[in-house]
Amino acid sequence: MSRPEHTRTASTNLLGRGGGGGQRVLDGKLAIVTGGSRGIGAATCENLASKGCSLVINFTSDGSADKTQKLADQLQTNYGVQCLPVQADMGTENGPAHLVDMARNRFSHPKTGKLQLDIVVNNAGVASKSALPDCTSEEFARLYNVNVRGPLLLMKAAMPYLPHDRSGRVVNVSSVSSSLGFEEDGMYGGTKAALEAMTRTWARELSERCTVNAVNPGPVATDMYGATSREFQEKMSHWTSNAPLAAIRPEVDRADLVENANVAGGRPAYDTEIAGVIAMLCTPDSSWCTGSVICANGGFKFSV
């Protein structure tokens, strides 16, 4: 199937989050989003689709297949883009290359065989907390394979298909854990620090191809955050309570977050807010920004 060339019709020119004036700034672009079935990844897919971008939506487990297909169908219907769900484990040696192979099979030009990957969002990640005595080689490998080796191998596989005119965009999803020294985050925080280091290096190595930036969310109101303990949220409340944008707004914010604000010190981010920062870095307006870690935490990091 050929690469999509979108037309601005009444059915496809939906504004969504795509900006004003009826213009979709990512029309005709193609993005890979890892960990795209839920949370920040799914919100990022919707934001990019609303801007006209077609998508390769990565998911890992069999249990996410139906959810990812439903998301793809919804985005195709709502925004007139093409979406390809692809199951691939970013923690394996072959998963990242398989993702690119599937993108090439679906989106390459039927005559020339040319494929261009305009955007790569390295969002897939796993997390856990372990005090130093409890750290194991097995958990170290699990975290680093997904959070560090996965983005590295995906970028290696995607590199031949990146643009050659600096128009490409790569966004790596890091975390405030990379630099705040939370207890029991030695391994997980280390993976995000490594991802930020790769961000800076790739910004130089790929400077004629694409910009490369990272975002660093703090707490985000996803299923993962919802599963955290009261004790965890109380420990984080010092940082949350001092983050300028985390102050709860009862008339605006979700009822469950309002009810929990006294425990958490405020509210976590909504996944759409993180997606908005990611998508901003994927637009042409971000062309003079590279090698940076961009705040996506409501001021959580500088609140310490």
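## Strands 2 and 3

Let's start with one pair of neighbours: strand 2 (residues 54–59) and strand 3 run parallel, with 5 bridges joining them. One spot to look at is Ile57, whose bridge partner in strand 3 is Pro85. Keep in mind while you look around that this is a predicted model.

Something also lies across this part of the structure. Helix 3 (residues 95–107) crosses strand 1 (30–33), strand 2 and strand 3. Its direction is at about 150 degrees to strand 3.

## The whole sheet

Now zoom out. In general, the strands of a sheet pair through backbone hydrogen bonds, and the pairing can be parallel or antiparallel. Here, 7 strands make up an open sheet, and the pairing is parallel. To walk across the sheet, follow the order 3-2-1-4-5-6-7.

Which strands sit at the edges? They are strand 3 (83–87) and strand 7 (293–296), each of which pairs on one side only. From one strand to the next, the twist averages 20 degrees.

## The largest pocket

Time for the empty space. Rolling a probe the size of a water molecule over the atoms shows where such space is left. The largest pocket holds about 1,300 Å³ of space. Its lining takes in 48 residues, and those nearest the centre are Gly125, Val126, Ala127, Thr222 and Met224.

Several helices give two or more residues to this lining: helix 1 (39–50), helix 4 (137–158), helix 6 (186–205), helix 7 (223–226) and helix 8 (230–242). Which of the elements gives the most? That's helix 4, with 4 residues. Sorted by class, the lining of the largest pocket has 20 nonpolar, 20 polar and 8 charged residues.

## The second largest pocket

Next comes the second largest pocket, with about 380 Å³ of space. How many residues line this pocket? There are 25, and Leu245, Ala269, Glu273, Asn297 and Gly298 lie nearest the centre. By class, the lining of the second largest pocket is made of 16 nonpolar, 6 polar and 3 charged residues.

Helix 8, helix 10 (271–280) and strand 7 each supply at least two residues of this lining. Helix 8 gives the most here, with 4 residues. You've met two of these elements already: strand 7 is an edge strand of the sheet, and helix 8 also gives two or more residues to the lining of the largest pocket.

Terms used. Residues numbered from 1 in each chain as written. Predicted model: local features only at pLDDT ≥ 70, side-chain atom pairs only at ≥ 80, totals over all residues. Heavy atoms only, no water. Pairing = 2+ DSSP bridges. Axes fitted to C-alpha atoms, helices over the stretch in contact; angles between N-to-C directions. Contact = heavy atoms within 4.5 Å. 1 Å grid on protein atoms, 1.4 Å probe; cavity = no way out; pocket = protein on both sides within 12 Å on 5 of 7 lines; lining within 4 Å. Points joined across faces, edges and corners; volume = space filled by probe spheres on them. Nonpolar A, V, L, I, M, F, W, Y, C, P; charged D, E, K, R; others polar.
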